[in-house]
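Biologist: I would like to learn how to read the strands, the nonpolar cores and the enclosed spaces of a model like this one. Could we take them in turn, beginning with a single strand and its surroundings?

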Amino acid sequence: MRIGILYIGIGRYSCFWQDFYSSCEKYCIPEAEKHYYVFTDQEEMISGERVEVFHQDNMEWPFNTLYRFKMFHRITDKLAANDYLFFFNANALFTRLVTADDLLPQAEDYSALCIETDPQKMTYERRPESVACIPEGQERYYFSGALNGGKTASYIQLIEECDALTDKDYQNNIIPIWHDESILNKFLWDKNVKVMTRQMGKPENWRRPFHAKIILRKKESVLGREWLRNFKGRKHTNTLLRRLLRSLGLVKDAK
């Protein structure tokens, strides 16, 4: 069994790679043949067996995450060699044995980390102008963008369709509320999905669930709270967004 693992480590986020890789090799379905596909602008920091590195310029916030499916779309010919494909957040860390039963879809086509089942707490994209819109009253699960995957043919379909949905919104000057995660939830809304619990992706500072198999490391502790705040700052984001929209001919400067 061959599993392809997609990973993005751009800019400072590349510092998470070595711990992720080491823990994945040790704990993630050890009997599987794992191949890693890493997108980064810090090639010198990425190494390991069965690791293929793809240069990706730093597009800054929020485009490094918004355009993740576009990154993956570049290499679908390589991804097709795997039996399963999974994306893990840069700050994911395996802490206990993850078995095939834990991770892989069986009768389903996809596996995804569920972070909310209460419709009152869900943060779907609600604007009807967005292709990611899930109207109130039609919610099912809310899936995290931190961990998702599936059978190869199904996941390549996810990559292609989510890339197209992202482009459609962007051409209409819309960025979904939670970027790629909103697009992902729209795609999975009517699909057959293996629902994974927080045991497969617990924030590092949460006490429960006990004995989680994967934790999501606290970014502020590694990257720095002030840097992270500035990186995701509203002023910076709006300026960059306007520059990119202008480059695509979607907005014009006032004369």
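Modeller: Please keep in mind that this is a predicted model. A good place to begin is strand β7, residues 142-151, which is mostly covered, since nine of its 10 residues are buried.

Biologist: Which strands are joined to β7 by bridges, and how do they run?

Modeller: Strand β4, residues 84-88, is joined to β7 by five bridges, and the two run antiparallel; within that pairing, Tyr-84 stands opposite Lys-151 of β7. Strand β6, residues 110-116, is likewise joined to β7 by five bridges in an antiparallel arrangement, and here Ala-112 stands opposite Asn-148.

Biologist: In what order do the strands of the open sheet with β5 lie, and which are its edge strands?

Modeller: That open sheet has three strands in the order β5-β10-β9, with mixed pairing. Its edge strands are β5 (92-94) and β9 (202-203), each of which pairs on one side only. Between β5 and strand β10, residues 214-216, there are three bridges, and these two strands run antiparallel; Leu-93 has Ile-215 of β10 as its bridge partner.

Biologist: How should I read the nonpolar cores?

Modeller: The general idea is that, in soluble globular proteins, nonpolar side chains tend to be buried together. In this model the largest nonpolar core has 32 residues, and those with the most contacts inside it are Phe-20, Phe-88, Leu-103 and Leu-147. The elements that contribute two or more residues are β1 (2-8), α1 (17-27), β2 (33-40), β4, β5, α5 (100-103), β7 and β10, and α1 gives the most, with four residues.

Biologist: With which residues is Phe-88 in contact, leaving aside its neighbours within four places in sequence?

Modeller: Phe-88 is in contact with Ile-5, Leu-6, Tyr-7, Phe-20, Phe-94, Leu-103, Ala-146, Leu-147 and Ile-214. Apart from the core just described lies another, of 29 residues, which includes Phe-69, Ile-75, Ala-132 and Leu-188.

Biologist: And how many cavities of 30 Å³ or more does a search of the whole structure find?

Modeller: Rolling a probe the size of a water molecule over the atoms shows where empty space is left. Here the search finds one cavity of 30 Å³ or more, and the largest cavity holds about 40 Å³ of space. Tyr-124, Arg-140, Tyr-141, Phe-143, Asn-185, Leu-188 and Trp-189 line the largest cavity, and by class this lining comprises five nonpolar, one polar and one charged residues. Leu-188 therefore deserves a second look in the display, as a residue named both in the 29-residue core and in the cavity lining.

Methods:
Residues are numbered from 1 along each chain as its sequence is written. This is a predicted model: local features need pLDDT of at least 70, side-chain atom pairs count only at pLDDT 80 or more; totals for chains, interfaces and linings use all residues. Side-chain values use heavy atoms; hydrogens and water are left out. Buried means under 20% relative accessible area, exposed over 50%, partly exposed in between (1.4 Å probe, protein chains only). Two strands pair if DSSP finds at least two bridges between them. On a 1 Å grid over the protein atoms alone, a cavity is a set of points where a 1.4 Å probe fits but cannot get out, and a pocket is an open set with protein on both sides within 12 Å along at least five of seven lines; lining residues have an atom within 4 Å of a point. Grid points are joined across faces, edges and corners, and a volume is the space filled by probe spheres set on the points. Ala, Val, Leu, Ile, Met, Phe, Trp, Tyr, Cys and Pro count as nonpolar, Asp, Glu, Lys and Arg as charged, and the others, Gly among them, as polar. A nonpolar core is a set of buried Ala, Val, Leu, Ile, Met, Phe, Trp, Tyr and Cys residues joined through side-chain atoms within 4.5 Å. Contact means heavy atoms within 4.5 Å.
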